[in-house]
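Visitor: Before we look, I want the reasoning behind each label. Please show me the model.

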Amino acid sequence: MFYEPRLGNSGLAIDPLKALVVPRPIGWISSVDLEGCVNLAPFSFFNLVADSPPIVMFAPSGTKADGSRKDSLNNAEAVGAFVVNLATYDLRDEMNATSARLPAGESEAEAAGLEMVPSSIVAPPRVKASPVALECRYLQSVVLPTLDPAQPNTVVFGDVVGVHIDEGLIVDGRVDITRARPIARMGYSLYAVIDQTFRMSRPASADGRLD
Ligand SMILES: Cc1cc2nc3c(=O)[nH]c(=O)nc-3n(C[C@H](O)[C@H](O)[C@H](O)COP(=O)(O)O)c2cc1C
């Protein structure tokens, strides 16, 4: 089959695009407003997009019920920082609960029963129970095209300035991420869990170096 997303002509009840770009890692973003109120929300339009320096992005799209911009976006821009917490299988219900639409100033972390602990460098705290947290300094926002001006699409970039890793994930000098069992977003209401991996070495080029 072939369809054009802008025409909505897939013939399927639900546009399948988000079921095709999978699995999408979940950036579980903690932030604070200028009064210090903590906000926590998952974003699957999220990734690491550079590594020298390390840069991550998350993409808030749409608005809150009252038509205002999402709190994570406002907070990252206002305070100049955010933290990416790893969403794991053990924390799946809490992660999901933090996607609830709460008014600005009400903490999703508290509502989900999650303890937050101070970060080392940036103002927003991190999720204590999450085995990995990336402290990020806000870099810039890029406003993307939208088909509905009332539903803006923005990408927020952040410079990773600090990395927390639970020591229990480190085996023989490497992170064994299967110990954390990260979850990732698929289409519809489906998730994947990373609990197995396989290794492949890249082919060496003619001069023996890797590209
Ligand atoms: C697994 C998961 C992934 C999500 N990914 C996104 C996303 O990439 N972009 C987005 O705008 N909303 C996403 N949402 C919805 C937001 O988490 C939700 O709108 C949240 O209320 C935003 O919170 P905030 O206003 O506190 O920033 C996702 C929800 C879940 C459960």
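Guide: Start with a term: a polar contact is a pair of N or O atoms within 3.5 Å. Keep in mind that this is a predicted model.

Visitor: What makes the ligand and Asp71 a polar contact?

Guide: An oxygen atom of the ligand lies 2.9 Å from a polar backbone atom of Asp71. The cut-off is 3.5 Å, so the pair counts.

Visitor: Which side chain offers an N or O atom to a ligand oxygen?

Guide: That of Lys70, at 2.8 Å. Ser99 takes part through its backbone: a polar atom there is 3.2 Å from a ligand oxygen.

Visitor: How much of the ligand does the protein bury?

Guide: The ligand alone exposes 650 Å², and the protein buries 88% of that. The space taken by the ligand is the largest pocket.

Visitor: What surrounds the ligand?

Guide: 21 residues, with Asn39, Pro42, Ser61, Lys70 and Ser72 the closest. By class, the shell has 10 nonpolar, 6 polar and 5 charged residues. Strand 3 gives the largest share, 4 residues. Helix 2 (71-79) and helix 3 (92-97) are among the elements that give two or more.

Visitor: Why is Asn39 called buried?

Guide: Buried means under 20% relative accessible area. Asn39 has 4%, so the label holds. Asn39 belongs to strand 3.

Visitor: How do you know that Asn39 and Ser72 are in polar contact?

Guide: Their side chains are joined at 3.5 Å. The rule says within 3.5 Å, so this pair is counted as a polar contact.

Terms used: Residues are numbered from 1 along each chain as its sequence is written. This is a predicted model: local features need pLDDT of at least 70, side-chain atom pairs count only at pLDDT 80 or more; totals for chains, interfaces and linings use all residues. Side-chain values use heavy atoms; hydrogens and water are left out. A residue is near a molecule or strand if one of its heavy atoms lies within 4 Å of it. A polar contact is a pair of N or O atoms within 3.5 Å; within protein, one must be able to donate a hydrogen and the other to accept it, and residues adjacent in sequence count only if both atoms are side-chain atoms. Accessible areas come from the Shrake-Rupley method with a 1.4 Å probe; for residues, only the protein chains shown count as cover. On a 1 Å grid over the protein atoms alone, a cavity is a set of points where a 1.4 Å probe fits but cannot get out, and a pocket is an open set with protein on both sides within 12 Å along at least five of seven lines; lining residues have an atom within 4 Å of a point. A molecule sits in a cavity or pocket if more than half of its atoms lie within 2 Å of its grid points. Ala, Val, Leu, Ile, Met, Phe, Trp, Tyr, Cys and Pro count as nonpolar, Asp, Glu, Lys and Arg as charged, and the others, Gly among them, as polar. Buried means under 20% relative accessible area, exposed over 50%, partly exposed in between (1.4 Å probe, protein chains only).
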